[in-house]
Amino acid sequence: MNYWINLAFKNILRKKQRTMLTMLPVVFGTAMLIFVLSMLEGVNNDSKANLRNYDSADLKIVSRDFSLDKKGFGVQEAFYVPEDLENFLNSSKFVKAHAKEVIFSGNLSDGTNKMAVICRGVDFEAYSKTFLTLAKVYPPVLELDKGVILIGEDIFKWYEMPYDSVFILQSRTGGGTFDAIDLSYDGLVATGNPKIDRTTVYMNIKDADEFLNLNSRISAIAVKLKNPSDLNRFINEIKPIIKKYPELKLISWEELAVDIIAIDSAKKYSSSVMIFIILIIGGVGIANTILLSVYERMKEIGTMRAMGASNSTIVKMFVFEGASVGFVAAAMGMILGTVLMAYISFVGIDIGGMVQDIDIGYPIKSVFRGQFDLLLAFRAGFFGLIIGIAASFYPAYRVVKENIVRTLR
Amino acid sequence: MKKIFSVVFLITLYLASSAMSIDDVLERVEKNMVRTNATYLSTMKIFSEDGDRSMQMKMYVKDEKNVLVEVIESSEGGKSRFLKKNDAMWLFIPSAGRSVLIKGHMLKEGFMGSNFSYEDISENRKLRDIYEITLEEDSLYYILTMKAKTDDAPYKLKKSYVMKDAFLPKKEEIYSSSNRLLKEFIIEDYKEMNGINVPTRILMNDLLQKENYTEMTYDKIDLTTKIPDSYFTKAYLER
Amino acid sequence: MAEIRIENLHKTYKTESQSVNALRGIDISIPQGSFLSVAGPSGSGKTTLLNIIGCLDKPTSGSVFFGDENIVPMNDGQLTVFRNRHIGFVFQDFNLIPVLTVYENVEFPLAINPFIKEKHENLIMKMLEMVGIADLKKRFPSELSGGQKQRVAIARALVKNPSLVLADEPTANLDSENAKNIMEIMKRMNAELKTSFLFSTHDKLVMDYASNIVRLRDGMIISGAVE
Ligand SMILES: Nc1ncnc2c1ncn2[C@@H]1O[C@H](COP(=O)(O)OP(=O)(O)OP(=O)(O)O)[C@@H](O)[C@H]1O
Ligand SMILES: [Mg+2]
């Protein structure tokens, strides 16, 4: 074996410059791959965190008819909170906090402009423990009084109303009656989650209850776990209780993340396109280099074959060379990519000013961070190796198909 | 003597005025508003800050449970038909090639993107059943104040200013439970036909939005030609 | 391995325009330990004959027996194994692998040969000593003279202890001094190892070393067919 490794490396080093040039696309391709995937993963994590911190918590208990794409005005299907469910949530060892929400859609008007909004009636204390939202209110608030409204910063831009002005929130009661409530503006909500900032307003849950005539019914209980990875264990624990109430169901944050997951799969698709392109570019380069060296070494190979080297030995030799080029290149790419990945993961890129007005459908923070994932780097490196092997098969195959006598001439 | 005369006058006036009970007013208004066997050609104009739109439609009303509306022209080019049959409402969009049942929250939405909700034109229940009604009057109007008594009433609070001479509401005001005026319907014009007063121009103002209103004018009204029953079928809707 | 018998060997090269009868009924018998030269003018079929005996090419008809084994019907894989076990080659222009040292070049046949159990280092060093270049083992081919290169080639051909070494004009690229040396070495190896040598040549000097000479003309033997 040592003999062949030695031979392969000596052959690779025969044309150092050419080998370097061959490796370049693989090196940069691998590095780019790691970098971009890390970035996408970072975006993904950000949006998942955004979803959980501001929108979905870890889990929601909702009415069976709760629908993500409910249209029109009015309150989401509301339900009474069973006492044993509440007791369970208060005592479960998995639960960090839980908060009731009344969720309804309506029109928010300042008398001049009217905007469709999603309104959440919440209790300040419980909600603050379950979500980060109320910590992102400017100016900061320490409570959510009756009669006040907090407005997503992007909605607020539509109104340009002074602090302390009155908004009219118009919706339909639980029974469907057209009604409106006057609420005074108390702050704007800037979470970085576009769904919240662009569409959501917050009010006291008691206001919402009275306004919608719900008699203490609610739309959802959001549950935050002490440890998000306990989700499945918690679901198993809560299931028997939910089963008792056929009007209720559980939705985990992942189900609420369908948009993100859709983007996720689009992302996976585009990254596989990227991988494919790198594979082609790198592979063609390596195949070309191996093919060149095959033709240059035709007589040498003929000699080896005359001495009794089998076809498989010759193929292995070239594949080993290709794999080595691919591996070394991929390893270099891995190192470069990992350095870049470490940078964007631990330092981050400040894109605050850059993307303020760009709508990419993702919540964007001003400092963007990638995800540091060594496994990703190894996978990319492994790819380089595969490319090298795949690309050298054809040239090697070509040479063993040649007539020995002719190659010796 | 003078004093007695004035007392008698006041009593007469009182008797004359209270001669109209709430039911009387509602009945007279209903006679003008509810139509049977009517064909209209009407134009609806929707004004808003985002731009104005208009559409022309033909409406066939057999009675309150059989209504067919055909949009024959609209500024957006979209054509559609809709049928009210008993309590169900169907919308047919020819380009989609099928009809959908309008139900639930959709009923609360604006009819053809206007400020009228489907509910505004589809409510079959008697006002008495939905609202607690009180009557006041001044020299020009009977003022009906309607407070929702069921949780599924279309509006929380509604005031209707019925013209004493025509028995048509000059204006209807929609309030929130906290007495904020949210929208108003205004009958701008009407004419007398076959002994009833038929509105010919109606306005609906959304007061939560600047310069946002819908205007409905009836260009042709035919109360005599018999409409075939076949018009009020799903088959005709989807033809 | 007993003698090698070549019976009624024909080889016809077909090109687009014509067909060339390179060998026309060759019969030769080569006993174990021969030191046989094939001579003849250019184009007489020497290389063609050596290629067929060396299992590199196939005859149009006829048989080549190594002992009882006829190599003619064998497929490529079997021929490869056969070459690996039994045949060593010395080429006119040495054909050393340029990236490998002298030592590694000689090691090559052992690296691909699964039948050799003896320790490679011993075999290689023994061979290098026999051809007299043990001190050059770390050099690369580019650092050797033509004669030295050919000695490496001989060591390489013999290191796996084949029964037959084929050398197609081994001295054509050497001056007469070096040619003589090479012939001396081969003769000595032939004597010591009892390996059969079959070489082709134009060179009178080379022919003098041969114990037997087969003369070809136009693909036929004109003298020295059977020993
Ligand atoms: N691949 C081939 N295709 C067609 N003809 C060939 C081929 N190889 C050899 N020949 C022809 O076969 C004949 C014998 O050729 P061969 O190479 O065996 O001669 P040779 O005796 O080795 O000559 P030289 O002394 O010049 O090396 C020649 O006429 C040659 O032109
Ligand atoms: Mg020749």
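Two strands pair if DSSP finds at least two bridges between them. Keep that in mind for the sheet in chain C. One caution before we start: this is a predicted model.

So, the sheet. In chain C, 6 strands make an open sheet with mixed pairing. The order is β6-β7-β8-β3-β9-β10. Take the β6 end. Strand β6(C) runs parallel to β7(C), residues 164-168, and 4 bridges join them. Which residue of β7(C) is the bridge partner of C:Phe89? It is C:Leu166.

Now the edges. β6 (87-90) and β10 (220-223) of chain C each have a single partner strand, so one side of each has no neighbour in the sheet. On average, neighbouring strands here are turned by 25° against each other, direction ignored. A helix packs on this sheet too: α6 of chain C, residues 176-193. Helix α6 touches β3 (35-39) and β8 (196-201) of chain C. Its direction makes about 155° with that of β8(C).

Next, the interfaces. Chain A with chain C to begin. Here 21 residues of chain A contact 24 residues of chain C. The buried area is about 2,000 Å², and carbon and sulfur atoms give 66% of that. Which residues of chain A lose the most area to chain C? A:Tyr3, A:Lys10 and A:Met307, together 34% of what that side buries.

A:Lys10 comes up again. A:Lys10 forms a salt bridge with C:Glu104, with the closest N and O atoms 2.9 Å apart. The rule finds 2 salt bridges across this interface. Polar contacts between chain A and chain C come to 10 residue pairs, both residues at pLDDT 80 or more.

Where does the chain A side come from? Elements giving two or more residues are α1 (2-14), α11 (298-306) and α14 (404-408) of chain A. The largest share, 7 residues, is from α1(A). By class, that side has 10 nonpolar, 6 polar and 5 charged residues.

Over to chain A with chain B. In this interface, 22 residues of chain A contact 24 of chain B. The two chains bury about 1,900 Å² between them, 47% of it on carbon and sulfur atoms. The salt bridge count is 3. Among the residues involved, A:Lys114 pairs with B:Asp206 in a salt bridge, closest N and O atoms 2.3 Å apart. For polar contacts, the count is 9 residue pairs, both at pLDDT 80 or more.

On the chain A side, β7 (166-172) and β8 (178-189) each supply at least two residues. That side divides into 5 nonpolar, 12 polar and 5 charged residues.

Conventions:
Residues are numbered from 1 along each chain as its sequence is written. Chains are lettered from A and ligands numbered from 1 in the order in which they are written. This is a predicted model: local features need pLDDT of at least 70, side-chain atom pairs count only at pLDDT 80 or more; totals for chains, interfaces and linings use all residues. Side-chain values use heavy atoms; hydrogens and water are left out. Contact means heavy atoms within 4.5 Å. Buried area is the accessible area (1.4 Å probe) that two parts lose on being put together, summed over both. A salt bridge is a side-chain nitrogen of Lys or Arg within 4 Å of a carboxyl oxygen of Asp or Glu. A polar contact is a pair of N or O atoms within 3.5 Å; within protein, one must be able to donate a hydrogen and the other to accept it, and residues adjacent in sequence count only if both atoms are side-chain atoms. Helices (H or I, at least four residues) and strands (E, at least two) are DSSP runs, numbered from the N terminus. Ala, Val, Leu, Ile, Met, Phe, Trp, Tyr, Cys and Pro count as nonpolar, Asp, Glu, Lys and Arg as charged, and the others, Gly among them, as polar. Axes are lines fitted to C-alpha atoms, for helices over the stretch in contact, and angles run from 0 to 180 degrees between N-to-C directions.
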